[in-house]
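Please open the model in your viewer and keep the selection panel at hand. The stops below are meant to be followed in order, each with something to select and something to look for.

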Amino acid sequence: MGAVKTIARRTFLIGSAAVAGGAAFGAYKISQPFDNPLEANLENGEFALGDYILIDESGVTIITPKGEMGQGVQTTWAAMVAEELDISWEDVKIDHGPASKAYYNEAVLEEGLPISSLENSGAAKFMRKNIVPIVAKAMTMVTTGGSSSTADGYVKMRAAGATAREALKLAAAKQLGVKASTLKTHGGHVIASDGTKLSYGSLAENSAKVKLPKNIKLKPRSEWRLLGTSLPRLDMKEKVTGTAMFAPDIRLPGMKFATVKTNPHLGGKMNGYDAFKAEKVKGVEKIVPMDNGVIVIANNTWTAFKAADLISFDWAKSDYPDQMEEHYAVVNAAFDKDFDSRQLDNGNVEQAFSDADEIIEGEYRVPYLAHACMEPVNATALLKDGRLDLWAGNQAATDQQTIAMSLTGLTAENVHIHTQYMGGGFGRKSEVDFSEYAVRAAKALEGTPVHVMWSREEDMTHDFYRPIAMGRFKASAKGGKPYAFDMKVACPSIMDSGAKRGGPSIPGSDMTNAMTIWDQPYGIPNYRTSAYRTDPLLPIGAWRSVGGTQNAFFQESMIDELAHHAGLDPLEMRLDLMNNDVCKKVLESVAEMSGWGRKLPEDHAMGCAFALAFGVPTAEVVEIKQTADGIKIINAWATVDVGIPLDPRNIEAQVFGGLNYGLAAAMMGEISVEDGKIVQTNFHDYDSLRMYQAPNVEVKILDNGEHIRGIGEPGTPPAAPALGNAIFALTGQRLRELPFNKFVAFA
Amino acid sequence: MKLTVNGDTHDIDVDEDMPLLWALRDELNITGPKYGCGIAMCGACTVHIDGLAVRSCSVRAGDVEGEVTTIEGLGSPDAMHAVQEAWNENQVAQCGYCQPGQIMAAASLLTLNPEPTDEIIDQAMSANLCRCGTYPRIRAAVKSAAAKLGGA
Amino acid sequence: MKFPILSVALLSISLASLTFAAESSAPIADINPPASATVAEGLEAFSRIFEVTSHPRCANCHVGEDNRPRWSGPSYAPFPPGQDWRYHGMNINAGDSRIGVETMPCSACHQTTPDLESKPHTPPHFGIDWQLAPAQFEWFGKSPSEICAQLKDPTRNGARDWQGLAHHLVDDAGHRGPVLWGWNPSGNREAAPYSLQQHVDDITIWGVAGQPCPAE
């Protein structure tokens with residue numbers, strides 16, 4: 001384990017701050033390419049702690065503005081700190097960030113807790129301004145997404161914990177008049193060699209005054225007592241007793257409730273509206289027109305919903321095509337353009353095909369998908385006395401702050417983002433539209449807190465969808481082995497779509513289009529992957545596993561086709577092709593766990609798929625059964641390698657959750673466009689996987705990989721191809737389009 | 001209009017046709033039951049009326065006869081109901097938004113059918129949607145809750 | 001299927017509500033049997049009766065022993081390939097109780113209220129407890145001759161002669177039950193064809209004609 005000093009010099013600033021009755025310790029990660037400019041600024045005190053540990057009389061609170069959307073990040077981050085800080089798991093407290101406390105106790109704020117910085121994140125601002133081309137990198141610092149949290153926190157949270165521990169020891173040493181090296185820490189106390197016990201709380205205030213130690217060792221893995229074990233999640237009791245606070249659960253004095261109706265032609269303006277009837281509804285407070293629709297503010301949500309339904313609108317049309325097939329036509333046409341990226345070009349594919357006896361080809365496509373978080377997007381805002389408070393479950397606190405600043409003209413110090421638990425995120429809550437409407441409502445009713453709840457219908461029809469995409473492949477085998485594989489994928493660019501709504505414009509290729517194709521561990525002698533980029537269509541965004549959702553379906557179905565063409569067992573063929581041992585072991589493990597190759601009943605079949613996504617090799621096998629009512633998915637097995645598994649039970653949950661999310665999309669997920677509007681409006685026509693359709697799952701976690709990896713997304717990509725490949729094995733029907741329920745019935 | 005929720009009787013002034021869900025959430029500030037779809041397709045708003053599961057988004061406040069119990073009334077963090085204990089032990093929740101509804105549905109099921117088979121669980125619990133895909137643990141938790149309640 | 005005593009109690013309460021639900025003074029439809037009707041007229045009436053009984057508003061909950069209500073008709077798509085119906089979403093199974101007491105009562109979503117108005121895609125409701133018709137009254141997917149045979153078989157129609165059937169329709173509608181709802185489903189749902197009065201008239205014409213059934 002490296003010394004913090006070394007790490008700190010390169011990537012972290014470890015700091016402490018005195019707070020009322022205690023101390024805050026934290027680390028700020030700095031990406032390496034920006035060392036110099038940032039360090040200069042940091043010394044000026046412009047940057048403060050991002051995530052930190054608050055120690056005071058009430059104990060230790062671990063504070064992270066990381067959005068908890070179900071992935072267990074807060075528990076895992078807390079464990080990193082608790083591990084180094086030597087506190088008992090039962091004593092750990094967590095908080096999304098002190099801003100939420102500050103609202104109730106402004107005195108804390110005034111006393112100089114490094115508060116605004118938590119969500120203002122000066123570092124992120126700086127990077128936005130100065131280092132635009134590398135925004136993607138900056139984004140990982142301030143957003144919760146890309147399965148990045150675990151890896152991000154792994155060093156910095158442990159380092160912060162260790163730093164705090166040593167500071168507490170130094171404070172105790174001073175108080176006791178002994179050398180710090182004679183002191184031990186355990187259970188939230190510093191313990192002297194004579195048995196004297198000093199609680200962290202009693203030492204907190206003085207610990208902020210010590211000169212921070214420079215050379216701190218992180219505990220080796222062999223000494224871990226919390227990390228690597230399955231810990232009870234810190235949010236679990238709240239979540240099973242209805243006491244967990246999601247954004248819609250915030251209640252403030254005098255609060256009003258609102259909803260929003262915007263143009264169903266996404267991105268289109270509102271030409272006009274007639275709210276005559278709506279205004280007459282008892283309880284309606286205000287109807288706020290915007291460029292693209294209205295906000296209806298009322299004294300309860302139901303009244304707002306009801307009134308909103310009574311408004312008639314004149315909507316302008318959007319600039320994307322009106323009908324679904326036209327969208328596919330745009331994607332299809334992209335194959336005729338120059339590729340956007342060609343990350344892999346091994347051997348000579350063209351030459352190989354000209355030598356080949358037989359070439360197989362195929363074309364695949366997938367529809368748009370909604371995120372459909374159980375919690376429709378929403379936010380609460382209060383604008384009062386030159387200060388804006390915003391409560392939102394969100395994956396990108398700084399982006400929420402930026403939009404709020406631009407709408408109110410307030411500076412960062414006066415815009416306070418209170419990140420709440422998210423009722424699902426999956427990428428949707430990294431957008432800012434829900435905050436925008438809440439801020440607009442707050443501006444219209446200054447001094448009054450307003451909660452803007454979207455109806456499910458509004459949420460479903462105004463998403464930033466998983467893009468439609470197409471995949472084409474051409475392949476051949478030689479001597480009973482895969483010989484050439486040429487894969488092309490085309491889809492609109494998430495980056496372009498983001499730029500269109502004010503996000504960063506990034507020059508160069510959009511690598512999300514090419515995710516999970518070019519870096520797969522297959523040693524095919526002639527192997528080429530190209531990604532094509534279409535003009536923007538519907539607004540699109542990151543959807544659990546981003547490019548991996550469609551690309552793994554294309555890739556792994558195509559690989560399966562190639563295996564059948566070559567007369568090879570699809571799993572064995574993948575094993576033979578794999579040029580990476582960590583990946584190979586993952587696939588071997590899932591083969592063993594599922595009993596791949598065993599004799600199955602006549603009406604059963606299995607399919608397998610593999611994907612290396614977000615650095616995590618993931619292999620899945622799905623077993624299906626033909627019943628009188630259709631195909632039933634009965635079992636699924638998944639093996640992942642996350643490098644260092646920090647919390648196995650939580651990783652297991654993320655893997656089967658990701659798998660189920662992918663199965664839902666594969667079986668029945670489809671957002672389509674008709675007359676320029678989204679067809680699907682609610683769960684009756686955009687249903688999802690339910691209990692009776694969910695397979696029994698077994699998950700295995702390996703730790704052969706070198707790097708620690710996050711696990712929120714990798715479970716999703718192999719799900720669709722594993723199911724499609726199982727359907728082929730069962731029926732002989734190769735399904736090249738999602739969702740599968742267009743072609744087969746599911747029981 | 002009078003509503004008895006978690007043992008307390010409230011007098012609220014709302015339209016008869018206001019769904020119980022919004023009367024609970026916005027009038028009484030009882031926010032355990034969640035809004036998910038408004039059309040009884042997701043189950044996040046599930047509460048009990050006289051001990052049995054009801055989608056509070058789809059019952060008009062004016063039609064409520066009987067006592068309403070929400071997740072908050074089922075048990076508290078310090079005194080959890082057997083079903084909540086089972087959920088906690090099985091570490092079911094991920095995002096947690098659907099879980100109040102899941103738990104209320106499961107508690108209702110176990111009142112009606114104390115020893116549910118897998119098939120029965122599939123029938124009773126499939127009207128509660130979970131986008132995090134926590135189903136394997138929900139199934140396990142329903143069974144351990146059944147065992148707890150049976151042993152009591 | 002065993003289920004506990006509480007469930008049985010609920011079941012009996014539910015069925016009782018059929019009898020004791022709110023009364024209405026004026027009959028909602030009249031029973032005026034014709035003095036006479038030919039077999040041809042009876043068959044013609046039955047063809048309209050079949051259109052009603054096989055209509056989604058009626059047939060979706062007149063299902064057999066699988067106890068699984070169906071979703072069919074306009075606005076209930078998407079259907080599995082090659083099919084014009086699907087099982088009620090969410091794996092709903094009303095159980096042998098036909099009101100879901102083994103799992104989740106139908107009334108968890110389908111409220112009992114005299115108000116027939118419900119929005120598109122919300123659970124519809126009416127004045128008696130939502131439930132499946134008894135399994136012997138199976139109409140979903142059945143042919144005209146099968147439904148005809150069932151309707152005139154007292155062992156499979158609730159021990160009713162044709163007058164009994166007509167009275168059943170009027171009684172149920174008087175309680176603002178499914179019969180009335182079938183013609184007033186609201187929420188953009190397609191109503192059953194013809195009208196309640198026409199349906200009652202058809203039952204009586206068919207009855208007076210001697211309950212003739214179409215050949216297979």
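Begin by selecting chain A and chain B together: the area buried between them is about 4800 Å², of which carbon and sulfur atoms give 58%, where buried area is the accessible area (1.4 Å probe) that two parts lose on being put together, summed over both. The size of an interface is often given as the accessible area lost when the parts come together. Before going further, note that this is a predicted model, in which local features need pLDDT of at least 70 and side-chain atom pairs count only at pLDDT 80 or more, while totals for chains, interfaces and linings use all residues. Residues are numbered from 1 along each chain as its sequence is written, chains are lettered from A and ligands numbered from 1 in the order in which they are written, and side-chain values use heavy atoms, with hydrogens and water left out.

**Chain A against chain B**

Colour the residues at this interface, and you should find 62 residues of chain A in contact with 56 residues of chain B, contact meaning heavy atoms within 4.5 Å. How many salt bridges are there between chain A and chain B? The count is six, a salt bridge being a side-chain nitrogen of Lys or Arg within 4 Å of a carboxyl oxygen of Asp or Glu. To see one of them, select Asp249(A) and Arg25(B), whose side chains meet in a salt bridge at 2.9 Å, N to O.

The count of residue pairs in polar contact between chain A and chain B, with both residues at pLDDT 80 or more, is 30; a polar contact is a pair of N or O atoms within 3.5 Å, and within protein one must be able to donate a hydrogen and the other to accept it, while residues adjacent in sequence count only if both atoms are side-chain atoms. On the side of chain A that touches chain B, the elements that give two or more residues are helix H11 (236–241), helix H13 (301–309), helix H18 (456–461), helix H23 (648–668) and E28 of chain A; helices (H or I, at least four residues) and strands (E, at least two) are DSSP runs, numbered from the N terminus. Highlight H23(A) in particular, which with nine residues provides the largest share of that side.

**The sheet that includes E28(A)**

Now stay in chain A and select the four strands of an open sheet with mixed pairing, in the order E23-E24-E25-E28; two strands pair if DSSP finds at least two bridges between them. Strand E23 (604–613) and strand E28 (696–702) of chain A stand at the edges with a single partner strand each, so one side of each is left without a neighbour in the sheet. From one strand to the next, the twist averages 15°.

Zoom in on E23(A) and strand E24 (residues 616–627) of chain A, which run antiparallel and are joined by 10 bridges; Ala613(A), for instance, has Val616(A) in E24(A) as its bridge partner. Then add helix H21 (residues 570–577) of chain A, which packs on the sheet by touching E23 and E24 of chain A, its direction making about 25° with that of E23(A); axes are lines fitted to C-alpha atoms, for helices over the stretch in contact, and angles run from 0 to 180 degrees between N-to-C directions. Helix H22 (residues 581–594) of chain A also packs on the sheet, touching E23, E24, strand E25 (630–641) and E28 of chain A, and its direction makes about 140° with that of E25(A).

**Chain B against chain C**

Move next to chain B and chain C, where 25 residues of chain B are in contact with 23 residues of chain C and the buried area is about 2100 Å², of which carbon and sulfur atoms give 63%. Select Ile39(B), Leu112(B) and Gln123(B), which supply 29% of the area that chain B buries against chain C, more than any other three residues. The rule finds one salt bridge across this interface, and selecting Asp115(C) with Arg60(B) shows a salt bridge whose closest N and O atoms are 3.2 Å apart.

**Some local details**

For a hairpin, select E1(B) and E2(B), which have two residues between them, with Asn6(B) in the turn showing a positive phi of about 50°. Finally, look at two cis peptide bonds: one joins Leu738(A) and Pro739(A), with omega about -5°, and another joins Ala77(C) and Pro78(C), with omega about 5°.
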